[in-house]
Amino acid sequence: MNVETEEIENVFKNGSCYVEEAPEFPAEFLNLENPLETFQSKEVKATHPAESDLFARHEEIPAHDQKLLGDARIVLVGGGGLNSWAGVGLARCGAKSITVIDDDRVDRTNLSRQFFGADDLGQPKGKALAKNLATQAVGGGAITGIGLRFEDALEKYPLPADIFVTGVDNNECRLRVAREARRRKIPAVFTMLSTDGMRCQAFLQNASPIEPCLWCALPNLDPERIMPCASAIISSCHLAAAFTVFFTHRALMGWDKIPAFNWREADLTGIAPDRIGVVKRRNDCFVCSDI
Ligand SMILES: [Zn+2]
């Protein structure tokens, strides 16, 4: 595979997409008595003392620190195609404190590529995904779902977080996350798919305010624009999830001997080369200049 490694000043291509807004969900579904619910998972215990540790295969992975991962409070902003599988990945590998925020409702078209079943139809994705991720947390833990928009969840709850993992389809929410992460001095991962659903872009906004933000990487992102993806398929969601989980791991555990980067871009079709790079901070970035 053709892979380019480069210093990326900024990435001018806007990888997102734009279609007509989806119709509104029927109003009777929109009344949530309790928008927050926590689901507990039990650790899968060894049945014999000679059995290997649940996460024994992680031991040789560079920079891996199981305790740091287990202790981290991970907030998934968005519970659709991108964070469904990033969530499964994080729950499976031993993250024990995950919160999912999404006020969108599960519909039939979601089932082909998101971690929902027939019982979840009509439910807010934040809560439904949390319930389903609780079945995946083999190391035990608590998965909290919030069926609200990110900005409303921020207002209503303290939302303790060591990292935001952002898989949404609108720039307004990305901007709120980028700013909130900066305010809290925590890292944030952003993952996006192209209009045709074939290309994935992932960016790690590190915790330090001297590091670049998402708008340093993509200065042409219009914060006003809502851009639900026109096409999407589970293969690109899985590709995106791999990058998302990797960036989340590196943000929490460090890089050790792996050369650090903050931008990853790949195309399932192979038409465009994969890109790995280091986005630089921009002096004229309106997000960074607010800090
Ligand atoms: Zn910036």
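Biologist: Which residue in strand 10 does Glu265 stand opposite?
Modeller: This is a predicted model, in which local features need pLDDT of at least 70 and side-chain atom pairs count only at pLDDT 80 or more, while totals for chains, interfaces and linings use all residues. Residues are numbered from 1 along each chain as its sequence is written. Strands are DSSP runs (E, at least two residues), as are helices (H or I, at least four), numbered from the N terminus. Opposite Glu265, in strand 10, stands Arg275.

Biologist: Over how many bridges do strand 9 and strand 10 pair?
Modeller: Strands pair if DSSP finds at least two bridges between them. Strand 9 (residues 263-267) and strand 10 (residues 274-279) form a hairpin with six residues between them. Gly270, in the turn, has a positive phi of about 80°. The pairing is antiparallel, and its bridges number three.

Biologist: Why is strand 5 largely enclosed by the rest of the structure?
Modeller: A residue is buried if 20 or more other C-beta atoms lie within 10 Å of its own, with C-beta atoms placed from the backbone; 12 or fewer makes it exposed, and in between it is partly exposed. Strand 5 covers residues 139-146. Strand 5 is largely enclosed because its buried residues number six of eight.

Biologist: Which residue of strand 5 is the bridge partner of Thr99?
Modeller: Strand 2 (residues 36-43) pairs with strand 5 in the antiparallel sense over seven bridges, and there Phe39 stands opposite Ile143. Strand 4 (residues 97-101) runs parallel to strand 5, joined by five bridges. For Thr99, the partner in strand 5 is Thr144.

Biologist: Which residue with a positive phi follows helix 5?
Modeller: Buried residues of helix 5 include Cys173, Val177 and Ala181. After the helix, phi is positive, near 60°, at Lys185.
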